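Visitor: Could you walk me through this one? I would like to start with the overall layout and then turn to a few details.

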Amino acid sequence: MKDEKLPRKEKFSEWYNEILQMAEIVDVRYPIKGICVWYPFGFALRQRIYSILRSLLDVDHQEVMFPLLIPENEFMKEAEHIKGFEEEVYWVTKGGSKSLEMPLALRPTSETAIYPILRLWIRSHVDLPLKIYQIVNTFRCETKHTRPLIRVREITSFKEAHTAHSTWGEAELQVKDALKLYGDFFRRLAVPHVITKRPDWDKFPGSDYSMAVDTLMPDGKALQIGTVHHLGTNFAKTFDVRYEDPVGEQRYVNQTCYGISERCVAAMIAVHGDDKGLVLPPEIAPTQIVIIPIVAKGMDTLDACKHVLDMLKGEYRTVLDDSQERPGAKYYKWEMKGVPLRAEIGPREMERDEVMLVRRDTFKRETVPLSKLSKAVEDMLSAIHANLYEKARQSLESRIVDCKTLDEAKVAIQKGMAKVSWCGEEGCGLRMGEVTNGGVLGELAAIESGKCLICDKKTDKVVLMARSY
RNA sequence: GGGGCAGUAGGGUAGUCUGGUCUAUCCUCGCGGCUUUGGGAGCCGUGGACGGCAGUUCGAAUCUGCCCUGCCCCA
């Protein structure tokens with residue numbers, strides 16, 4: 001495996017498929033379409049990412065666990081919702097050899113599993129706001145081309161939060177809070193992103209409106225990496241979720257839900273990775289520092305390495321690679337795994353009580369005395385995160401282009417996103433998509449006066465357009 | 001949604017058109033051993049494969065059909 005080369009990142013599709021296997025993120029060889037296996041290393045990476053997400057949510061949400069199976073009658077209650085998911089639902093229809101009286105859906109998302117129970121949990125205004133989340137697998141029988149971590153039939157890592165509030169306005173504040181939380185989360189992954197309001201024809205089925213978080217992949221296509229939905233009282237009415245307000249009136253709750261999936265792992269890999277493999281932000285890297293001994297006759301460099309390991313392992317996830325491979329082979333191996341810092345100790349370093357540190361993101365090397373090692377490592381790790389985020393941010397911003405004509409937009413969309421004026425009409429939005437071979441991602445919060453590129457009507461709405469996954 | 005192409009050890013391949021010493025090639029990999037160690041080491045030994053089901057045939061990796069899986073292009 002060590003002699004196999006990763007395709008260059010310019011060939012993004014090949015690069016992406018190969019890196020998942022070579023860096024041991026997921027094994028795509030499981031014999032069901034759109035379903036993969038997490039390797040131990042990939043799973044460790046996933047755990048680190050999701051523990052960040054948990055820590056952000058746990059501030060004011062409670063974690064729960066709802067069942068995978070949803071009875072048909074509950075699933076079929078909300079008309080819009082059914083329309084959105086019906087064609088992708090897996091059904092369990094048999095128990096052993098006998099048909100079930102009521103078919104059971106494998107959750108494609110959990111609104112219809114959770115909300116009948118919220119009806120029981122929520123009685124009065126003192127139960128509100130209620131904020132829960134779960135991290136579970138969900139199933140969607142995707143009809144389009146599947147891609148590991150990006151378009152899958154089993155979403156293994158669906159974090160879905162569900163909240164209930166007294167008023168529409170309070171729910172709207174929750175939408176803003178959720179977007180802020182997602183912003184914090186993606187900054188920790190050093191993944192820059194844009195936030196837009198999805199057009200009505202592309203919102204979550206059953207929501208009042210949907211907000212989306214997108215990033216740009218290296219091939220210029222947008223990847224939706226998070227969504228936040230204002231559900232209003234739509235589901236509350238369907239599932240009869242009511243509370244008694246302070247003056248004794250029965251009212252429907254206003255709800256939100258918001259989700260993140262393993263696409264966040266895909267985005268982090270794709271945004272930072274390079275021709276040599278993964279490049280991981282230090283907070284996420286399962287191994288933060290690898291120590292490589294350079295063996296030489298008559299000098300016990302291995303002992304010096306063990307000493308350095310002892311110095312570092314309390315504070316950083318550190319590994320000493322004392323395997324029998326040669327140093328070069330070890331460099332390639334750990335670079336593939338994205339380890340942020342490599343420490344080398346050979347005769348030169350030993351004589352002077354030094355360590356050579358090499359950064360994964362820039363390959364810059366620096367020799368530091370043992371006495372200053374801890375501080376140097378701390379500084380370099382934080383510099384790596386800052387550099388990854390800054391580079392990615394610039395790359396994203398340079399690919400968002402203001403466009404005054406459809407021709408300009410068509411060109412911009414080949415490499416990134418086009419920012420254009422739009423009147424707000426569905427017909428014009430869809431037409432813009434057809435003409436440019438892209439689609440309307442969503443509306444930006446910014447207001448800029450201009451004219452709709454299709455109907456020429458005056459407008460202050462600005463939308464982002466892109467090709468997307 | 002429409003149209004192509006492909007599936008041979010863990011990974012990548014030769015062989016398929018023209019069925020027969022294919023007892024399946026080469027590289028990589030795994031295991032055992034010896035020598036090595038500042039950017040993918042060398043030698044010796046050894047291990048492992050024709051996607052599945054059915055059909056044609058004396059005989060199928062090779063031909064036919066269906067299924068599964070993957071990749072590419074267009075909308």
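Guide: What follows covers the domains, one helix, the cavities and one glycine of this predicted model.

Visitor: How is chain A divided into domains?

Guide: The domain assignment gives domain 1 (12-272), domain 2 (289-380) and domain 3 (400-466), and the centres of domain 1 and domain 2, taken over C-alpha atoms, lie 41 Å apart.

Visitor: What span should helix α12 have, and what do its end C-alpha atoms give?

Guide: Helix α12 (residues 373-398) has 26 residues, so at 1.5 Å a residue a span of 38 Å is expected, and the 37 Å between its end C-alpha atoms agrees with that. Among the buried residues of α12 are L373, V377, L381, I384 and L388.

Visitor: New topic: how many cavities of 30 Å³ or more are there?

Guide: There are 4 of them, and the largest cavity holds about 70 Å³ of space. Its lining includes Y331, W334, R342 and F363, with α10 (327-336) supplying the largest share, 3 residues, and the lining as a whole divides into 8 nonpolar, no polar and 4 charged residues.

Visitor: And which strands each supply at least two residues to the second largest cavity?

Guide: Those are β21 (417-421) and β22; this cavity, with about 50 Å³ of space, has S421, E448 and S449 among its lining residues.

Visitor: Last one, G450: which residues does it contact beyond its neighbours within four places in sequence?

Guide: G450, which sits in strand β22 (residues 439-451), is in contact with S421, K457, K458 and T459. G450 counts as partly exposed because its relative accessibility is 22%, and its C-alpha atom is 5.9 Å from that of D460, 10 residues apart along the chain.

Methods. Residues are numbered from 1 along each chain as its sequence is written. Chains are lettered from A and ligands numbered from 1 in the order in which they are written. This is a predicted model: local features need pLDDT of at least 70, side-chain atom pairs count only at pLDDT 80 or more; totals for chains, interfaces and linings use all residues. Side-chain values use heavy atoms; hydrogens and water are left out. Domain bounds come from an automatic or database domain assignment. Helices (H or I, at least four residues) and strands (E, at least two) are DSSP runs, numbered from the N terminus. Buried means under 20% relative accessible area, exposed over 50%, partly exposed in between (1.4 Å probe, protein chains only). Contact means heavy atoms within 4.5 Å. The expected span of a helix is 1.5 Å times one less than its number of residues. On a 1 Å grid over the protein atoms alone, a cavity is a set of points where a 1.4 Å probe fits but cannot get out, and a pocket is an open set with protein on both sides within 12 Å along at least five of seven lines; lining residues have an atom within 4 Å of a point. Grid points are joined across faces, edges and corners, and a volume is the space filled by probe spheres set on the points. Ala, Val, Leu, Ile, Met, Phe, Trp, Tyr, Cys and Pro count as nonpolar, Asp, Glu, Lys and Arg as charged, and the others, Gly among them, as polar.
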